[in-house]
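This report goes through selected buried and surface positions of one structure, together with the contacts that surround them. Please keep the sequence and the coordinates at hand while reading.

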Amino acid sequence: TIGVTVTLIYFVIASIAGASELVLNYFFKGIGSIVHFGHYLLVVLPLAFGFYLAFLRLCKEKSPLSLQDVLTPFKDRRYFAAGIYVQLLYTITIFLWSLLLIVPGIIKACAYILAPFIVAENPDITAREALKLSAKMMQGHKMQLFRIVLTTIGWTLISIPFGMIPMFWITPYYMTIYTNFYLTVKEEYQQ
């Protein structure tokens, strides 16, 4: 239930960014996009990174999921900055690879998917180092990840006719799957 609550809070806060852009652009052309980007950068990305922190704690320590863990980036500057940098670099890198063709973008997205988890465990590592380490760790695991993604896409598609409301329950499930995937790959990589 706390997973649903945390997911609901995240979706509401992320939706505010989109709504504020529409409203501000209606009254002041162009300002809404700037406010939206600022909100996304300074609120949505750190909050999303908080999910990585919270679910790592849940899966590693078997401690209950808490809103405090999700809000950690707002209390600790290291996590705040690291979370923003790694997610921005990940997004920009995937976008640039996707300009070549969709397939290279998908391959790089799979290779770098562990980067936020790596930074969540090591906030002092640079985003670039996290992407490189993620690519090394994912060697031989991309097909396994692809199967996981196919499963999660199926659940997402099923939730569409219901107004995406089931995503409040599905998102914590996804995060648990991806976190456990990261922990398994990390353990194999360290052996």
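## A buried methionine in H8

At 5% relative accessibility, Met-137 counts as buried, because the cut-off for that class is under 20%. The model examined here is a predicted one, and in it Met-137 is placed in helix H8.

Once neighbours within four places in sequence are set aside, the residues in contact with Met-137 are Leu-114, Ile-118, Tyr-182, Val-185, Lys-186 and Tyr-189. For Tyr-189, which lies 52 residues from Met-137 along the chain, the C-alpha atoms of the two residues are separated by 5.9 Å.

## The loop between H8 and H9

His-141 belongs to the loop between H8 and H9, and with a relative accessibility of 10% this histidine also counts as buried. Its side chain is joined to that of Gln-144 by a polar contact of 3.2 Å, while Phe-181, Val-185 and Glu-188 are the residues in contact with His-141 when neighbours within four places in sequence are left aside. Val-185 thus appears in the contacts of His-141 as well as in those of Met-137.

## The largest nonpolar core

The largest nonpolar core has 46 residues, and the members that touch the most others are Phe-49, Phe-51, Val-86, Leu-114, Phe-181 and Tyr-182. At least two residues of this core come from each of several helices, including H1 (2–27), H6 (102–112), H7 (115–121) and H9 (142–159). Helix H2 gives the most, with eleven residues.

Val-86 is in contact with Phe-49, and also with Ala-115, Pro-116, Val-119, Ala-127 and Ala-130, leaving aside neighbours within four places in sequence.

## A buried threonine in H10

Thr-179 is found in helix H10, which spans residues 167–190, and its relative accessible area of 0% makes this threonine buried. How is the polar side chain of Thr-179 placed with respect to the backbone oxygen of Met-175? The side chain reaches that oxygen at 2.6 Å. Not counting residues up to four places away in sequence, Thr-179 touches Phe-55, Leu-56, Cys-59 and Phe-117.

## A nonpolar patch on the surface

Turning to the surface, Ile-92, Phe-95, Leu-96 and Leu-99 make a nonpolar patch of about 430 Å². Ile-92 has its place in helix H5, which covers residues 77–100, and is partly exposed, with a relative accessible area of 46%. That value is over the 30% required of patch members, so Ile-92 satisfies the accessibility condition for the patch.

Conventions
Residues are numbered from 1 along each chain as its sequence is written. This is a predicted model: local features need pLDDT of at least 70, side-chain atom pairs count only at pLDDT 80 or more; totals for chains, interfaces and linings use all residues. Side-chain values use heavy atoms; hydrogens and water are left out. Patches are made of residues with over 30% relative accessible area and no salt bridge: like charges are joined within 9 Å, nonpolar side chains (Val, Leu, Ile, Met, Phe, Trp, Tyr) within 5 Å. Accessible areas come from the Shrake-Rupley method with a 1.4 Å probe; for residues, only the protein chains shown count as cover. A salt bridge is a side-chain nitrogen of Lys or Arg within 4 Å of a carboxyl oxygen of Asp or Glu. Helices (H or I, at least four residues) and strands (E, at least two) are DSSP runs, numbered from the N terminus. Buried means under 20% relative accessible area, exposed over 50%, partly exposed in between (1.4 Å probe, protein chains only). A polar contact is a pair of N or O atoms within 3.5 Å; within protein, one must be able to donate a hydrogen and the other to accept it, and residues adjacent in sequence count only if both atoms are side-chain atoms. Contact means heavy atoms within 4.5 Å. A nonpolar core is a set of buried Ala, Val, Leu, Ile, Met, Phe, Trp, Tyr and Cys residues joined through side-chain atoms within 4.5 Å.
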